[in-house]
Amino acid sequence: MGNWSIVLQDTHAEARRFFVKHSISHQKEACQKLMSVETPYRPAAVKGPKSKSLLFDACILAKELQDMEEQWEVMCRVWMELMSFAAISCSPTIHAQQPSRGGELLTFTWLLMNHLGLGAQFSEQVSHG
């Protein structure tokens with residue numbers, strides 16, 4: 001047995017103790033409980049080198065990833081707004097010339113928006129905004 005099997009065994013044992021202690025039997029409930037665990041200190045600093053469990057390290061990582069996911073979602077929405085605004089702000093004549101030159105991301109955005117019927121709707125929002 002390698003070092004990873006010890007890590008897996010310790011993590012499994014710690015998870016089992018945690019779920020029994022909190023009477024958790026459903027996956028959704030387990031996720032919610034683990035995400036609510038306060039982890040102000042690294043688990044190794046609290047447990048010492050004896051335990052090889054990664055359960056609460058995983059909780060820290062999951063929270064950080066969740067925060068990043070929310071940031072990426074906001075960034076994605078901002079980029080979509082900027083791309084849509086820039087695409088709709090250019091005249092159709094300029095967009096019509098682009099495909100013969102190899103195209104441009106804004107032209108493809110403009111084409112897609114118009115194909116989906118979003119061009120007029122977005123330009124009305126821009127002019128009234």
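## Helix 6: exposed and buried sides

On one side of helix 6, Leu105, Leu112 and His115 are exposed, opposite the buried residues of the helix. This description refers to a predicted model. The buried residues of helix 6 are Leu106, Thr107, Thr109, Trp110 and Met113. Viewed down the axis of helix 6, these buried residues fall within an arc of 160°, so they line one face of the helix. After helix 6 comes Gly117, a residue with a positive phi near 80°.

Two members of the buried set can be described individually. Thr107 belongs to helix 6, which spans residues 105-115. The relative accessible area of Thr107 is 1%, so the residue is classed as buried. Leaving aside residues up to four places away in sequence, Thr107 touches His95, Gln98 and Pro99. Met113 also lies in helix 6, and its relative accessible area of 7% makes it buried. Between the C-alpha atoms of Met113 and Ile88 the distance is 8.6 Å, while the two residues are 25 apart in sequence.

## Overall architecture

The protein chain contains 7 helices and 0 strands. Along the sequence, the order of elements in the protein chain is α-α-α-α-α-α-α. The protein chain has 129 residues, of which 23% are buried.

Contacts in the protein chain between residues at least 6 apart in sequence include a 51% share that joins residues at least 24 apart. The exposed area of the protein chain is about 9900 Å², and carbon and sulfur atoms supply 63% of this area.

## The loop between helix 1 and helix 2

Helix 1 (3-21) and helix 2 (27-35) are connected by a loop in which Ser23 lies. What is the sign of phi at Ser23? Ser23 has a positive phi of about 50°, although the residue is not a glycine. As a general matter, most residues other than glycine have a negative phi. Ser23 has a relative accessibility of 58% and therefore counts as exposed.

## Aromatic pairs

The structure holds 2 aromatic pairs. In one of them, the ring centres of Phe18 and Phe19 are 5.8 Å apart and the ring planes stand at 70°, so the pair is edge-to-face. Phe18 is buried, its relative accessible area being 9%, whereas Phe19 counts as partly exposed at 24% relative accessibility.

Phe18 also forms an edge-to-face aromatic pair with Phe56, with 5.7 Å from centre to centre and 75° between the planes. This pair links distant parts of the chain, since Phe18 is in helix 1 and Phe56 is in helix 4 (residues 55-89), 38 residues apart. Phe56 has a relative accessible area of 15% and is therefore buried. Ring pairs thus link Phe18, Phe19 and Phe56 into a cluster.

## A nonpolar patch on the surface

Which residues make the nonpolar surface patch of about 670 Å²? The patch is made by Leu61, Leu65, Met68, Trp72, Met75 and Trp79. One of these residues, Trp72, lies in helix 4. Trp72 has a relative accessibility of 53% and so counts as exposed.

## The salt bridge in helix 4

A search of the whole structure finds 1 salt bridge. Arg77 forms a salt bridge with Glu73, and the closest N and O atoms are 3.0 Å apart. Arg77 and Glu73 are 4 residues apart in helix 4, which means that about one helical turn separates them.

Are the two partners buried or exposed? Arg77 has a relative accessibility of 56% and counts as exposed. Glu73, at 40% relative accessibility, counts as partly exposed.

Methods:
Residues are numbered from 1 along each chain as its sequence is written. This is a predicted model: local features need pLDDT of at least 70, side-chain atom pairs count only at pLDDT 80 or more; totals for chains, interfaces and linings use all residues. Side-chain values use heavy atoms; hydrogens and water are left out. Helices (H or I, at least four residues) and strands (E, at least two) are DSSP runs, numbered from the N terminus. Buried means under 20% relative accessible area, exposed over 50%, partly exposed in between (1.4 Å probe, protein chains only). Contact means heavy atoms within 4.5 Å. Accessible areas come from the Shrake-Rupley method with a 1.4 Å probe; for residues, only the protein chains shown count as cover. The arc is that of the directions from the helix axis to the C-beta atoms. Rings of Phe, Tyr and Trp (its six-membered ring) pair if their centres lie within 6.5 Å; planes under 30 degrees apart count as stacked, over 60 as edge-to-face and the rest as tilted. Patches are made of residues with over 30% relative accessible area and no salt bridge: like charges are joined within 9 Å, nonpolar side chains (Val, Leu, Ile, Met, Phe, Trp, Tyr) within 5 Å. A salt bridge is a side-chain nitrogen of Lys or Arg within 4 Å of a carboxyl oxygen of Asp or Glu.
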